[in-house]
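Got a few minutes to get to know a new fold? Pull up the model and have a look around before reading on.

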Amino acid sequence: MAERRKLRMGLVGGGPGAFIGPVHRIAAELDGRCELVAGAFSQSAERSRAAGAAFGIDPARAYASYGEMIEAERKRNDGIDFVVITTPNHLHLPIALAAMKAGIPVMSDKPATATYTEALELEKAVRGSGLPYGLTHTYAGYAMVREARAMCAAGKLGALRKVAVEYLQGWLSRPLETAGHKQAEWRSDPARNGPGGAIGDIGTHAFHLLEYISGLKVTAINATLRTVVPWRKLDDDCNAFVRMNNGAAGTLACSQVAAGELNEMRVRIYGETGSIEWRQQDPNRLIVKWLDGPEEIHHAAAGYLGRDALAVARVPAGHPEGYLEAFAVLYREFADALLEWKKGNPQPLPATLPGIEAGVRGMRFIERVIESNRIAGWVEF
Ligand SMILES: NC(=O)c1ccc[n+]([C@@H]2O[C@H](COP(=O)([O-])OP(=O)(O)OC[C@H]3O[C@@H](n4cnc5c(N)ncnc54)[C@H](O)[C@@H]3O)[C@@H](O)[C@H]2O)c1
């Protein structure tokens, strides 16, 4: 049984008006494994202090920069146990490297870095340091994603033949980046975002979920990228064909100009005798279709689910869990792994928790899609 002291987290990003930083705080604290004690919440010292006050942490631990936070926390007896990265993408690598140099484990939001080259550098640092590194591909934390993954692994659908994943949003249908929209602004700037627009922001999630659920690996891609909104500097729409390592094939689409869509991620996997379908906006249900039987709906937390799905359920079936809880599943696994690591287990991260391998593959996905679009044809992964 793992020791249950709360792990102390230091958050980078998550300042006033930020999207995902506050989500990390809620998710990390949900299961009582972690607590926010420090942060460099903004690049402005004043805004970092304001965020620290809003989060209710010791004002002395709301730092002006991540460098200052790491330096000061490293010297404290009650210093942070891990750093959480929730800034725009170009800062992911420098923050992770600074934390690891100080011997502090990292939980980072995706994409792992801004470029594929950076991802290789990060991989080297993670493997060289032996420090736990988690990557919050949020959707891996849903119970019904775990159930779908277990069904594929157990061969319940027979050999997998066809895959279809799509992640469609509409919020960038207008040029919000020219209208002072905080999240749109840096996402449309190659210097802060990296070279992949929609493919980096949400395509990496779709790609990860496809491999995560199916247990297969993408071996080749043929992708078309478009920039639909005039003057935008990065892609906002992508359609791709994929080949998988077992001979299966299918499609991957992502878009941020699919007007009217909110966060429509859908994965379908077809085997010889049946298929599964999971939608992020209806996450507590997994649709299972059989070649020789009726369609079924499997419900989160129901007693008939497999061990992996039940392990992440917190409340009885019919009491919906959602985005925050899925995020919290990743934090629970990360915290348990961190405690194991502190006890001397060198490889504590469970296979269910995305880590550096997923991070590198996600960045490779962006790089390969851009190359495929450039040559207008298939590229090996
Ligand atoms: N896992 C998910 O589902 C998910 C969802 C949204 C965003 N993300 C990822 O999270 C990251 C942040 O996205 P967001 O939408 O929250 O962006 P955001 O613009 O809402 O927030 C970014 C935060 O970083 C802060 N920041 C910028 N430079 C900083 C610095 N030098 N030091 C400290 N803080 C600094 C900003 O002040 C802001 O508070 C991105 O990498 C994005 O891809 C992941």
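What follows is a walk through the chain, from its overall build down to its strands and helices.

**The big picture**

First off, keep in mind that this is a predicted model. Its secondary structure comes to twelve helices and 14 strands. The radius of gyration is 20 Å, close to the 21 Å that the globule rule gives for 381 residues, so the chain is as compact as a globular protein of that length. If you boxed up the C-alpha atoms along the principal axes, you'd need roughly 65 × 55 × 40 Å. Buried residues account for 50% of the 381 in the chain. Look at contacts between residues at least 6 apart in sequence, and 68% of them turn out to join residues at least 24 apart.

**Two domains**

The chain splits into domain 1 (7-139 + 327-353) and domain 2 (142-305 + 362-380). Their centres, taken over C-alpha atoms, sit 26 Å apart. Where they meet, 16 residues of domain 1 are in contact with 23 residues of domain 2. On the domain 1 side, the touching residues divide into eight nonpolar, seven polar and one charged.

**The five-strand sheet**

One open sheet has five strands in the order β2-β1-β3-β4-β5, with parallel pairing. β2 and β5 (133-135) are the edge strands, each pairing on one side only. On average, neighbouring strands here are turned by 25° against each other, direction ignored.

How buried is strand β1 (residues 7-12)? Five of its six residues are buried, so β1 is largely enclosed by the rest of the structure. β1 runs parallel to strand β2 (residues 34-40), and Arg8 has Glu35 in β2 as its bridge partner. Further along, strand β4 (residues 106-108) pairs with β5, where Met107 has Gly134 as its bridge partner. Helix α1 (residues 20-30) lies across β1, β2 and β3 (82-85), at about 155° to β2.

**The nine-strand sheet**

The other open sheet to explore has nine strands, ordered β13-β12-β11-β10-β6-β9-β8-β7-β14, and its pairing is mixed. β13 (293-299) and β14 (379-380) are the edge strands, with a partner on one side only.

Two helices pack on this sheet. Helix α6 (residues 143-153) touches β6 (160-168), β10 (264-271), β11, β12 and β13, and its direction makes about 160° with that of β11. Helix α9 (residues 198-214) touches β6, β7 (218-226), β8 (237-244), β9 (249-255) and β10, with its direction at about 150° to that of β6.

Within the sheet, strand β11 (residues 274-279) pairs with strand β12 (residues 285-290), and Trp278 has Leu286 in β12 as its bridge partner. In the pairing of β6 with β9, Leu168 is matched with Ser255 in β9. β9 also pairs with β8, and there Phe241 stands opposite Thr251 in β9. The hairpin of β8 and β9 has four residues between the strands, and Gly247 takes a positive phi near 100° in it.

Here are some of the strand pairs from both sheets side by side:

| Strand pair | Sense | Bridges |
|---|---|---|
| β1 and β2 | parallel | six bridges |
| β4 and β5 | parallel | three bridges |
| β6 and β9 | parallel | seven bridges |
| β8 and β9 | antiparallel | seven bridges |
| β11 and β12 | antiparallel | five bridges |

As for what holds such pairs together, strands of a sheet pair through backbone hydrogen bonds, either parallel or antiparallel.

Key
Residues are numbered from 1 along each chain as its sequence is written. This is a predicted model: local features need pLDDT of at least 70, side-chain atom pairs count only at pLDDT 80 or more; totals for chains, interfaces and linings use all residues. The radius of gyration is taken over C-alpha atoms; the globule rule is 2.2 Å times the number of residues to the power 0.38. A residue is buried if 20 or more other C-beta atoms lie within 10 Å of its own, exposed if 12 or fewer, and partly exposed in between; C-beta atoms are placed from the backbone. Two residues are in contact if their C-beta atoms, placed from the backbone, lie within 7 Å. Domain bounds come from an automatic or database domain assignment. Ala, Val, Leu, Ile, Met, Phe, Trp, Tyr, Cys and Pro count as nonpolar, Asp, Glu, Lys and Arg as charged, and the others, Gly among them, as polar. Two strands pair if DSSP finds at least two bridges between them. Axes are lines fitted to C-alpha atoms, for helices over the stretch in contact, and angles run from 0 to 180 degrees between N-to-C directions.
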